[in-house]
Each structure stands twice: as structure tokens, then as C-alpha cells.
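The following paragraphs lead the reader through one protein chain, from its general dimensions to individual residues. Please keep the sequence and the model in view while reading.

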Amino acid sequence: MLDRELLESQLAELPLYGYFFVDTSELEFSERIRYICEHECPMYGKTWACPPGTGMVPECEAKCRSYKDALMIATITEVFNIADIEETLATRPEHEEITKMAADMVRQQCDDVYVLSSEACAICEECAYPDGPCRHPELMNPCVESHGIILTALAEKYGIEFQYGGNIVTWFSLIFYK
Ligand code: SF4
């Protein structure tokens, strides 16, 4: 059983905009999210961390629901112009670092941890997808959207604005544990 009080005292050391604990029965999944990946993201079909390499939505849902509990974390960063995709994406590595630190804190208490984050995965210079298996499955975190998870209502239910507004970029990660 995860000691939330201990974890929360550790999370307080990270520059998080917010976090909350979620029962995976609260998560909603939809193919609709993946439609956005397919039609708006240049990384679609480029790495094992993105659809369709992550598997179909029902498989992703089954994987996520095999954990009862998850921790959602959010970070925010101010940019000069949020419409500038390059500037916005440049803020992602910092969120990834914070996600890794939060996941390590959870790992101190749980043997089985599964992380979804904001990354399309850039660990290898050239991804093995689709010709060979992922070279570093233990390091690679698929992106939340790749699993078809609807974050908007969930985040707002727990008091975290999905879109902060202005030139503030908000990133989310989900850390499943058991
Ligand atoms: S770790 Fe390497 S092979 Fe695996 S998804 Fe990332 S870039 Fe691709």
C-alpha cells in the first residue's frame, strides 16, 4: 500500500503546478483523442511511444486499468508565444525530467510502475519503430494521448485547468502504480 503522506512530502520538493491521485475507474478513453494524434501530430507512426505503435485503444485501456491507482502530475511553463510550436515543445524536456523524478519517488514504494508522459520519445537517435522492438522499454514513456485518455474533464474535476490560458504551457503525466 502506497504511503501517500510520504509521497506527498517528496512531491512537495518538485516544481509541480499540481497533482492528484486517481482511481483508474475514473479514466475515460476514446478513439477521438487518437484522431488528433493521427491528423495533427508529426510524430504519429514514428516511434513506439506514439500510436499506432502503442497498440489499439482497448489494449491501452486494459493496460492502464490493470493498475487500480495512478498519480497525475502537471507542470506549467510560461513561453513568449504559445502559438510557436517549437518554443512550446522546447519546454517539454523539463517536464520529462520532473516526471522521471516523480516516478522514481513512486518506485521507492511500488515494484510495478507504468508511466505515460508528454514525450514522443527521443531516446535513440533513430527509433527502431517499426522494424524492430523498442530498445529501451524500461526508459520509454508513451505519451498520455497515445492511450486515448481524455484528460480535460479529469484535470478540471481535480482543480487543474487543462489550458491555463495566456502563454502558459501545461504538461501532464500519469504514473500508474501497484
Ligand atoms: S527508446 Fe528508442 S526504440 Fe524505444 S521508442 Fe524510444 S526511440 Fe524508439
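A residue is called buried if 20 or more other C-beta atoms lie within 10 Å of its own, exposed if 12 or fewer do, and partly exposed in between, with C-beta atoms placed from the backbone. The model is predicted: local features need pLDDT of at least 70, side-chain atom pairs count only at pLDDT 80 or more, and totals for chains, interfaces and linings use all residues. Residues are numbered from 1 along each chain as its sequence is written.

By the burial criterion, Asp84 is exposed, because 12 other C-beta atoms lie within 10 Å. Asp84 belongs to the loop between β2 (69-78) and α4 (85-89). Helices (H or I, at least four residues) and strands (E, at least two) are DSSP runs, numbered from the N terminus. Between the C-alpha atoms of Asp84 and Asn167 the distance in space is 10.0 Å, although 83 residues separate the two in sequence.

The overall architecture may be considered next. The protein chain contains six helices and four strands, and their order along the sequence is α-β-α-α-β-α-α-β-α-β. Its C-alpha trace spans about 45 × 40 × 30 Å along the principal axes. For 178 residues, a compact globule would have a radius of gyration near 16 Å, and the protein chain agrees with this, since its own value is 16 Å. The radius of gyration is taken over C-alpha atoms, and the globule rule is 2.2 Å times the number of residues to the power 0.38. Of the 178 residues, 30% count as buried. Two residues are in contact if their C-beta atoms, placed from the backbone, lie within 7 Å. Among contacts in the protein chain with a separation of 6 or more, 76% are between residues 24 or more positions apart.

How do helices α1 and α5 pack? Helix α1 (residues 4-11) meets helix α5 (residues 92-107) at an angle of about 155 degrees, and their axes are 10 Å apart. Axes are lines fitted to C-alpha atoms, for helices over the stretch in contact, and angles run from 0 to 180 degrees between N-to-C directions. The helices α1 and α5 are therefore roughly antiparallel to each other; angles under 35 degrees count as roughly parallel, over 145 as roughly antiparallel, 65 to 115 as roughly perpendicular and the rest as oblique. On the side of α1, the contact is made by Leu7, Gln10 and Leu11, and on the side of α5 by Ala102, Met105 and Val106. By class, this contact has five nonpolar residues, one polar residue and no charged residues. Ala, Val, Leu, Ile, Met, Phe, Trp, Tyr, Cys and Pro count as nonpolar, Asp, Glu, Lys and Arg as charged, and the others, Gly among them, as polar.

Several loop residues also merit inspection. The loop between α2 (31-40) and α3 (57-65) holds Met56, which is partly exposed because 13 other C-beta atoms lie within 10 Å. Met56 and Phe21 are 35 residues apart along the chain, and their C-alpha atoms are separated by 25 Å. Pro52 is also placed in the loop between α2 and α3, and a cis peptide bond with omega of about 0 degrees joins Pro51 to Pro52.

A further cis peptide bond, with omega of about 0 degrees, joins Tyr129 and Pro130. Pro130 is located in the loop between β3 (113-116) and α6 (152-157), as is Cys121. Cys121 has a phi near 80 degrees, a positive value in a residue other than glycine. Cys121 is buried, because 23 other C-beta atoms lie within 10 Å.
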